[in-house]
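Please open the structure in your viewer and keep the selection tool at hand. The tour proceeds by selecting one part after another and noting what is found there.

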Amino acid sequence: MNPALSLRELFRFLFPTQCVGCGNVLVGSELQLCAKCLMALPTTNYAVIAGNEAECRLRQLIPVEAAMALLHFRQGEVSQHIVHAVKYHGNSELGFMMGRQMGIALQHSDRFTDIDLMVPVPLHFTRRLQRGYNQSRLLCEGIAQVFRCPVESRAIRRVRRTETQTHKSHIERIANVEGAFRVVRPDLLEGRHVLIVDDVMTTGATIASCARPVLELPGTRVSVATLTVAGI
Ligand SMILES: [Zn+2]
């Protein structure tokens, strides 16, 4: 038997860990998600679909080159458990894992071939201090391992702490995040093709608000990748 595997089995026996999706105890080489939940992930295939739902939604707000979301966000199902574990429970291993899956999807698409750098949607510094990390940055790190693209977190700053977008109407969401982001290092983005990364896209208002000052820079283009896309 592979000694590393047997050690892992022993560790699992002593400290059983549960699947983020269904709560069943993980076995063998399973990590974060059991094989059943992993197989049942509601993937969108949007990375290879031009004119997909996420892309159309964003194009009503901003001109994007291409947009993809890895999973459909479904209330009470695995995709919601994943987002919550990464966003609110500090599950960085899962964030990195899901980022890798996004990276694989991007890598297998011919629509994201000339991306120059990735920018995670920034949190306001007070929220980052509160949470201790930015979940979109975690996703970027996972993506970067597969997609081979640098991550740039210094270029954009969230200058206003916004209320949560949950329970807000489409119009309220747009007003809530209007002017919330500012480019503080235009030299890092000018003339580049920037991939903006976030965890959830609902109306696209937050991403659009983040992308607008980037699109004002000369010669800069924007594409978007999110972990999930919610129905509206
Ligand atoms: Zn499971």
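Begin by selecting Asn-45, which counts as exposed because its relative accessibility is 55%. This model is predicted. Asn-45 lies in the loop that connects helix 2 with helix 3 (53-59). Its phi is near 65°, a positive value in a residue other than glycine.

Next, select Gln-32. This residue belongs to the loop between helix 1 (3-14) and helix 2 (35-39). Although Gln-32 is not a glycine, its phi is positive, at about 70°. Is Gln-32 buried or exposed? Its relative accessibility is 13%, so Gln-32 counts as buried.

Now turn to the strands and select strand 5, residues 193-201. Eight of the nine residues in strand 5 are buried, so that this strand may be described as mostly covered. Keep strand 5 highlighted while its partners are added.

Add strand 2, residues 117-120, to the selection. Strand 2 pairs with strand 5 in the parallel sense, and the pairing comprises four bridges. To see one position of this pairing, select Met-118, whose bridge partner in strand 5 is Leu-195.

Then add strand 6, residues 221-230. How many bridges join strand 5 to strand 6? There are eight, and the two strands run parallel. Select Ile-196 to find the residue that stands opposite Val-224 of strand 6. While the strands are in view, a general point is useful: in a regular strand, side chains alternate between the two faces of the sheet.

Now include helix 9, residues 205-215. Together, strand 5, helix 9 and strand 6 form a β-α-β unit, and this unit is right-handed.

Finally, select the cysteines. How many disulfides does a search of the whole structure find? The search finds zero. Select Cys-210 and Cys-140 to examine one case. The closest cysteine sulfur to that of Cys-210 is in Cys-140, at 11 Å, which is too far for a bond, because a disulfide requires two cysteine sulfur atoms within 2.5 Å. Cys-210 counts as buried, because its relative accessibility is 0%. Select Cys-37 as the last stop: this cysteine also counts as buried, with a relative accessibility of 8%, because the cut-off for a buried residue is under 20%.

Key:
Residues are numbered from 1 along each chain as its sequence is written. This is a predicted model: local features need pLDDT of at least 70, side-chain atom pairs count only at pLDDT 80 or more; totals for chains, interfaces and linings use all residues. Side-chain values use heavy atoms; hydrogens and water are left out. Buried means under 20% relative accessible area, exposed over 50%, partly exposed in between (1.4 Å probe, protein chains only). Two strands pair if DSSP finds at least two bridges between them. A crossover is right-handed if, with the strands pointing away from the viewer, the path from the first strand over the helix to the second runs clockwise.
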